[in-house]
Amino acid sequence: MNKFDEISELLQRGKPRDLSALVQAELAEGTAANDILIRALIPGMSAVGERFKKNEIFVPEVLITARAMNAALNVLKPALAQAGVEPIGTALICTVKGDLHDIGKNLVKMMIEGTGIRVIDLGVDCPPERVVEAVKEHKPDIVCLSALLTTTMVYQKETIDALKAAGLRDSVKVMVGGAPVTQAFADEIGADAYTPDAATAAEKARSYFD
């Protein structure tokens with residue numbers, strides 16, 4: 001097993017301490033930060049996403065893996081910045097107004113970060129005007145809107161309408177998701193994409209930069 005496979009394996013097993021230590025050791029030995037990201041961490045997260053989609057693993061296991069990924073990225077980010085490696089793009093993510101659920105949002109956030117995209121997290125209960133202000137400030141490529149309640153799905157539409165009213169809709173791709181959300185609803189409210197799970201969301205987000 002080569003060093004990149006070893007890093008990928010530790011990631012998939014959800015071992016944040018061991019993974020962080022190995023990433024740090026590889027950086028100290030002169031391995032390029034971008035190589036660690038592209039050849040070990042991103043493939044590792046992709047493998048986890050595939051297993052999740054096939055129901056071979058479930059949300060708790062993916063969360064453990066995602067936390068390990070987060071730990072590795074915390075070690076890697078300063079080295080990436082020092083090397084002048086920029087994220088491939090920026091995504092904004094939130095749970096919409098009236099909804100306090102964040103497990104799904106957090107999972108999508110970590111999976112998208114695992115593809116090399118910078119993610120700005122606006123948290124939960126996020127009103128449309130806050131999303132509009134954040135789009136103006138951060139100029140993201142993608143806006144991800146989560147809703148877990150049928151009563152809060154309407155705010156996905158209101159957020160898209162607010163982006164239109166502000167003249168910002170055409171500058172971003174809007175992705176929607178959450179337990180009650182469907183492709184038909186996404187089409188109805190004018191979203192660019194609906195994805196049923198975090199792994200597919202990460203794939204879709206990444207596809208906008210390919």
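Helices H3 and H9 are oblique to each other. The model is predicted. Their axes come within 8 Å and cross at roughly 130°. That angle is not over 145°, the cut-off for roughly antiparallel, so the pair counts as oblique. H3 covers residues 33-53, and H9 covers residues 198-207. H3 passes H9 in a left-handed crossing.

Which residues make this contact? H3 brings Gly-49, Glu-50, Phe-52 and Lys-53. H9 brings Ala-198, Ala-199, Thr-200 and Glu-203. By class, three of these residues are nonpolar, two are polar and three are charged.

**A second helix pair**

Now take helix H1 (residues 3-12) and helix H2 (residues 16-28). Their axes come within 9 Å. The crossing angle is roughly 155°. H1 and H2 are therefore roughly antiparallel to each other. H1, too, passes its partner H2 in a left-handed crossing.

On the H1 side, the contact uses Lys-3, Glu-6, Ile-7, Leu-10 and Leu-11. These meet Asp-18, Leu-19, Leu-22, Val-23 and Glu-26 of H2. Six of the contact residues are nonpolar and four are charged. None is polar.

**Two pockets**

The table sets out the two pockets.

| Pocket | Volume | Nonpolar lining residues | Polar lining residues | Charged lining residues |
|---|---|---|---|---|
| Largest pocket | about 470 Å³ | 17 | six | three |
| Second largest pocket | about 370 Å³ | eleven | three | five |

The largest pocket is lined by 26 residues. Nearest its centre lie Gly-104, Lys-105, Val-108, Gly-177 and Gly-178. Which element gives the largest share of this lining? Helix H5 does, with five residues. H5 spans 103-113. Strands S1 (90-95), S3 (142-146) and S4 (173-177) each supply at least two lining residues. H9 also supplies at least two. H9 is the helix that H3 crosses in the left-handed contact above.

The second largest pocket has a volume of about 370 Å³. It is lined by 19 residues. Leu-37, Leu-80, Glu-86, Pro-87 and Gly-116 are the closest to its centre. Two or more lining residues come from each of H3, helix H4 (59-82) and strand S2 (118-121).

So the contact of H3 with H9 links to both pockets in the description: H9 helps to line the largest pocket, and H3 helps to line the second largest pocket.

Definitions and conventions: Residues numbered from 1 in each chain as written. Predicted model: local features only at pLDDT ≥ 70, side-chain atom pairs only at ≥ 80, totals over all residues. Heavy atoms only, no water. Axes fitted to C-alpha atoms, helices over the stretch in contact; angles between N-to-C directions. Helix = DSSP H or I, 4+ residues; strand = E, 2+ residues; numbered from the N terminus. Parallel < 35°, antiparallel > 145°, perpendicular 65-115°, else oblique. Left-handed = near helix turned anticlockwise from the far one by under 90°. Contact = heavy atoms within 4.5 Å. Nonpolar A, V, L, I, M, F, W, Y, C, P; charged D, E, K, R; others polar. 1 Å grid on protein atoms, 1.4 Å probe; cavity = no way out; pocket = protein on both sides within 12 Å on 5 of 7 lines; lining within 4 Å. Points joined across faces, edges and corners; volume = space filled by probe spheres on them.
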